[in-house]
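Q: Please guide me through reading a metal site and a group of aromatic rings in a model.

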Amino acid sequence: MTVTISSEALDFLLITAAASADREVCGLLLGEENRISAVVPCANVSPEPWHRFEIDPAALIAAHRSARGGGPAVIGHYHSHPNGLAAPSPRDAADAAPDGTIWLIIGGGAVTAWRAVAAGRRHGRFDPLTLACADGPPTSKRETSSRDFA
Ligand SMILES: [Zn+2]
């Protein structure tokens, strides 16, 4: 399964994550199905932002309201790992509802894509997705396969 994103949005994610060395950055992914058309940075309101993220609920509500009004759907979210590991952490797995949401994780200059899927009664299994640039052939730096971490 491939998820597409613009190279501009991908660069934005890499730059904002790199600029935040001591706290996770996070935001929403808008678009349809497997096509990310926009990324929306949101405040990380977690009380422990250095190793957790919690998207500002007001931003989430606003995005869903906009979607109901005909705007792009909320298809997922992104967050960074200041420790540089671009793969879901055990904490991410514990938090992941198997609802088809796309997760982008930024770490160490890479962006990986995942989808939370049901694992019995427990939360916590991610299927790796391939992330590709929608606007032309990506450079090697711009395409990252989540398979490297599976
Ligand atoms: Zn995480």
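Q: What angles do the four donor atoms around the zinc ion subtend, and what does that make the arrangement?

A: This is a predicted model, where local features need pLDDT of at least 70, side-chain atom pairs count only at pLDDT 80 or more, and totals for chains, interfaces and linings use all residues. Residues are numbered from 1 along each chain as its sequence is written, and side-chain values use heavy atoms, with hydrogens and water left out. Four donors count as tetrahedral if all angles lie between 85 and 135 degrees, and as square planar if opposite donors are over 155 degrees apart and all others between 65 and 115; otherwise they are irregular. Here the angles run from 56 to 156°, which makes the arrangement irregular.

Q: Which residues coordinate the zinc ion?

A: Donors are N, O and S atoms within 2.8 Å of the metal (3.2 Å for Na, K and Ca); water is not among the atoms, so sites may look incomplete. The zinc ion is held by NE2 of His79, NE2 of His81 and two OD contacts from Asp92, at 2.0 to 2.5 Å. Both His79 and Asp92 are buried (under 20% relative accessible area, 1.4 Å probe, protein chains only).

Q: How many aromatic pairs are there?

A: Rings of Phe, Tyr and Trp (its six-membered ring) pair if their centres lie within 6.5 Å, and planes over 60 degrees apart count as edge-to-face. The count is two aromatic pairs. Phe53 and Trp103 have ring centres 6.0 Å apart and planes at 90°, so this pair is edge-to-face. Trp103 and Phe126 are also edge-to-face, at 5.0 Å centre to centre and 80° between the planes. Phe53, Trp103 and Phe126 form one aromatic cluster.

Methods. Tetrahedral: all angles 85-135°; square planar, octahedral: opposite > 155°, others 65-115°. Buried < 20%, exposed > 50% of the residue type's maximum accessible area, 1.4 Å probe, protein only. Phe/Tyr/Trp six-rings, centres within 6.5 Å; stacked < 30°, edge-to-face > 60°.
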